[in-house]
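Let's put a few labels to the test. Each one gets held up against the cut-off behind it.

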Amino acid sequence: MKITVLTLFPEFFDSFTNTSIIKRAIDNKHVDFSSVNFRDYTLDKHNNVDDTVCGGGAGMLLTCQPIVDAIKANRQKDTKVIMMTPQGAPLNQQKVHELAQSDDVIVLCGHYEGFDERIRSYVDEEISIGDYVLTGGETAAVVLCDAMIRLHDGVITTTSHEDDSYENGLLEYPQYTRPIEFEGQKVPDILLSGHHENIRKWRLKESIRKTYLRRPDLLDKKELNKEESKLLSEVIEEEKMK
Ligand code: 4G3
């Protein structure tokens with residue numbers, strides 16, 4: 001996968017691309033990452049990329065010319081152009097899977113009060129990482145790029161992301177490591193029992209419990225099978241008794 005981020009702050013991405021799993025993914029050519037300054041494309045004699053808002057009001061907007069020229073110079077026929085804004089479609093794990101299918105993506109990062117509306121006609125997907133406003137799209141772009149890169153074959157070598165929160169529509173079950181007792185808190189006995197089937201069932205039930213307590217909206221969206229429905233009923237009963 002090739003990712004080109006268009007930004008006024010290309011150096012913002014240095015710590016992201018030089019750290020841990022993402023660095024290894026780039027070194028091993030699972031991903032070809034670059035960040036490009038769209039100011040390099042401005043034809044303005046003062047190198048400006050922004051201007052005041054037509055009709056008046058506070059703030060500045062990114063202008064069409066430098067951004068559209070940067071998109072045109074960096075896209076291929078099959079490139080998906082993604083814009084990070086608070087007005088975009090909410091990012092979730094399903095959306096990450098969809099976007100990570102693309103072989104070539106451009107991720108556009110805005111600043112100031114946002115983009116001239118006409119820039120949107122050059123964009124395939126407008127994405128938001130959540131219902132809050134950031135000073136720039138770069139932090140949002142790092143979130144999206146990280147989530148896409150880690151799904152690629154070989155980036156995470158274990159099968160562990162099949163167990164991730166959200167991959168099965170449930171939150172992750174509680175997990176423990178040694179010591180068996182820490183400051184009076186014990187690892188649940190069942191996890192030390194060696195009964196794989198009981199452990200599987202316990203984990204599924206505790207996944208359902210965590211989701212029921214913290215994110216009931218996820219349960220509303222999920223089709224539960226017979227076993228899951230039964231475990232949810234048990235969880236609801238147990239939580240009533242508490
Ligand atoms: C465009 C993304 C960009 C318009 C970007 C602000 C939050 C998100 C920006 C605009 C951003 C997000 C830059 N803030 N929730 N700030 O994904 O109004």
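What follows is a short round of questions and answers on this predicted model.

Q: Why is the protein called more spread out than a compact globule?
A: The globule rule gives 18 Å for 242 residues, and the radius of gyration is 23 Å, well over that, so the protein counts as more spread out than a compact globule. As for its extent, the C-alpha trace spans about 70 × 45 × 40 Å along the principal axes. The protein holds 8 helices and 9 strands.

Q: Why is Asn-37 called buried?
A: The label needs a relative accessible area under 20%. Asn-37 comes in at 16%, so buried it is. Across the protein, 41% of the 242 residues count as buried.

Q: Where in the fold does Asn-37 sit?
A: Asn-37 belongs to strand S2, which covers residues 32-37.

Q: What makes the link between the side chain of Asn-37 and the backbone nitrogen of Arg-39 a polar contact?
A: The pair has to be N or O atoms within 3.5 Å, one able to donate a hydrogen and the other to accept it. Here the backbone nitrogen of Arg-39 is 2.8 Å from a polar atom of the Asn-37 side chain, so the distance fits the cut-off of 3.5 Å.

Q: Which residues does Asn-37 touch, once neighbours within four places in sequence are left aside?
A: Asn-37 is in contact with Thr-7, Leu-8 and Pro-10, where contact takes heavy atoms within 4.5 Å.

Q: How far apart are the mean positions of the positive and negative charges?
A: They are 4 Å apart, for 30 positive and 42 negative charges.

Technical notes. Residues are numbered from 1 along each chain as its sequence is written. This is a predicted model: local features need pLDDT of at least 70, side-chain atom pairs count only at pLDDT 80 or more; totals for chains, interfaces and linings use all residues. Side-chain values use heavy atoms; hydrogens and water are left out. Helices (H or I, at least four residues) and strands (E, at least two) are DSSP runs, numbered from the N terminus. The radius of gyration is taken over C-alpha atoms; the globule rule is 2.2 Å times the number of residues to the power 0.38. Buried means under 20% relative accessible area, exposed over 50%, partly exposed in between (1.4 Å probe, protein chains only). Lys and Arg count as positive and Asp and Glu as negative; His and the chain ends are not counted. The place of a charge is taken as NZ of Lys, CZ of Arg, CG of Asp or CD of Glu.
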